[in-house]
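Visitor: Please take me in for a close look at one part of this model, starting from a single residue and working outward. I'd like it in one go, with the contacts spelled out.

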Amino acid sequence: MRVDAGLSRLLGLSRTAVAALAEDGRVALDGRAAGKSDRLSAGSWLEVELPEPDAPAVIVGDEEVVAGLTVLHADDEIIVVDKPVGVAAHPSPGWTGPTVVGGLAALGYRVSTSGAAERQGIVHRLDVGTTGVMAVAASEHAYTVLKRAFKERTVDKRYHAVAQGHPDPSSGTIDAPIDRHPRHDYKFAVVAGGKPSVTHYDTLEAFRSASLLDVRLETGRTHQIRVHLAALRHPCVGDLAYGADPVLAKRLGLQRQWLHARALGFEHPADGRWVEFTSPYPADLDHALQQLRD
């Protein structure tokens with residue numbers, strides 16, 4: 001068998017890749033350089049030098065002061081921020097806007113080095129269009145403890161959402177699996193075989209055309225609240241991607257979904273004491289809420 005064919009079968013590489021190795025002098029047969037068309041024979045000593053794998057691409061965001069990013073609390077273990085709209089948690093492919101990671105770096109805060117390079121210190125995320133409380137690990141110990149807490153669902157994550165119409169019952173639990181939308185890759189949906197997803201909600205206030213809900217997440221899937229409310233046919237007001245009424249959104253002056261991470265509670269990584277942080281409604285959501293009340 002030829003060298004390129006034989007090595008392709010032995011190593012699971014393409015014949016083109018093996019031929020390139022031979023051309024670079026990385027294949028030896030009985031101590032002598034072998035060409036791709038040389039023949040292999042039983043009993044020969046074959047040596048192959050594989051190149052170092054390419055380093056994964058590192059996505060690095062800019063360090064820049066982020067307007068509206070407020071630090072609610074900071075100590076040696078954790079940094080808790082109030083994230084404004086239009087800000088991502090960390091850099092990602094295709095995102096060129098501001099990030100929480102870059103904003104904290106610009107303010108002089110040091111975060112944990114655990115996690116992928118672009119999301120160091122990030123233990124949970126909020127969507128770009130979702131505002132509110134978000135925790136970042138400042139130490140390696142805190143990163144480990146908080147990641148475990150989120151995984152084991154011991155963190156109390158509370159959101160306020162304004163849903164179209166009036167959910168029935170007014171308080172309940174949505175237990176429906178979520179995964180990528182079968183037709184639109186940028187969206188998620190309730191699909192059979194998706195990841196288990198559980199959302200609890202209570203109606204705080206009912207208006208003529210919408211309801212203010214207190215929402216507690218048991219799991220933390222991407223777009224979970226938006227997907228679950230849309231599945232109930234009561235999407236977040238302003239959430240056009242998930243079927244919200246554009247006329248109502250325009251009347252309320254909303255450019256995004258009415259969804260806010262209101263409170264976050266967890267055991268402090270340093271000593272285990274329970275800590276909780278809250279965030280007031282930002283101006284655009286507060287204005288829309290007042291419009292509904294009037």
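## From a loop to the cores

Guide: Let's start with Ser41, which counts as partly exposed because its relative accessibility is 46%, between the 20% and 50% cut-offs. Keep in mind that this is a predicted model. Ser41 sits in the loop that runs between strand S2 (32–33) and S3. Its side chain has a partner in that of Ser44, with a polar contact of 2.9 Å. What C-alpha separation does Ser41 have from Met1, 40 residues apart along the chain? The answer is 7.5 Å, and that gives us a handy way over to the start of the chain.

Right after Met1 comes Arg2, so let's look at the charges there. Arg2 is partly exposed, since its relative accessible area is 27%. The side chain of Arg2 forms a salt bridge with that of Asp4, at 2.9 Å from N to O. Asp4 is a buried residue: its relative accessible area is 5%, so it falls under the 20% limit. Asp4 has a second salt bridge, this one to the side chain of Arg15, at 3.4 Å from N to O. That pair ties together distant parts of the chain, with Asp4 in helix H1 and Arg15 in helix H2, 11 residues apart. Arg15 counts as partly exposed because its relative accessibility is 43%. Put the pieces together and you have a salt-bridge network that links Arg2, Asp4 and Arg15. As a general point, side chains of opposite charge can pair when their charged atoms come close.

Now for the helix that holds Asp4. Which residues of H1 are buried? They are Val3, Asp4, Ala5, Gly6, Leu7 and Ser8. These buried residues pack against helix H2 (15–23), strand S1 (27–29) and strand S3 (46–48). Go to the other end of the helix and you meet Leu11, part of H1 (residues 3–11). Leu11 is partly exposed, because its relative accessibility is 38%. Leu11 also belongs to a nonpolar patch on the surface, alongside Leu10, Leu13 and Leu50, and together the four have about 370 Å² of accessible area. After H1 comes Gly12, with a positive phi near 75°.

The full structure has 11 salt bridges, so let's jump along the chain to another one. The side chains of Asp156 and Arg158 meet in a salt bridge of 3.3 Å, N to O. Is Asp156 buried or exposed? Asp156 is buried, because its relative accessibility is 17%. Its partner Arg158 is partly exposed, since its relative accessible area is 27%. Asp156 lies in strand S7 (residues 156–164). Setting aside residues up to four places away in sequence, Asp156 touches Arg216, Ala263, Leu264, Gly265, Trp274 and Glu276.

Strand S7 also holds His160, and this one deserves a good look. His160 is buried because its relative accessible area is 9%. Which side chains make polar contacts with the side chain of His160? One is that of Asp214, at 3.2 Å, and another is that of Tyr281, at 2.6 Å. If you leave out residues up to four places away in sequence, His160 touches a longish list of residues, including Leu204, Leu212, Leu213, Trp258, Leu259, His260 and Arg262.

Let's finish with the nonpolar cores. In general, nonpolar side chains in soluble globular proteins tend to be buried together. The largest nonpolar core here has 27 residues, and the ones that touch the most other members are Val100, Met134, Tyr159 and Leu229. Strands S5 (78–83), S6 (131–137), S7, S12 (210–217) and S13 (259–267), along with helices H3 (100–106) and H5 (224–231), each give this core at least two residues. Take Leu229 as a worked case: leaving aside neighbours within four places in sequence, Leu229 is in contact with Ala161, Ala163, Ile174, Leu213, His234, Pro235 and Cys236. Apart from the 27-residue core lies another core of 16 residues, with Val80, Phe266, Val275 and Phe277 among them.

Key:
Residues numbered from 1 in each chain as written. Predicted model: local features only at pLDDT ≥ 70, side-chain atom pairs only at ≥ 80, totals over all residues. Heavy atoms only, no water. Helix = DSSP H or I, 4+ residues; strand = E, 2+ residues; numbered from the N terminus. Contact = heavy atoms within 4.5 Å. Patch = residues over 30% accessible without salt bridge, like charges linked within 9 Å, V, L, I, M, F, W, Y side chains within 5 Å. Areas by Shrake-Rupley, 256 points an atom, 1.4 Å probe, with all protein chains shown as cover. Buried < 20%, exposed > 50% of the residue type's maximum accessible area, 1.4 Å probe, protein only. Core = buried A, V, L, I, M, F, W, Y, C linked by side-chain atoms within 4.5 Å. Polar contact = N/O pair within 3.5 Å; in protein donor to acceptor, adjacent residues only side chain to side chain.
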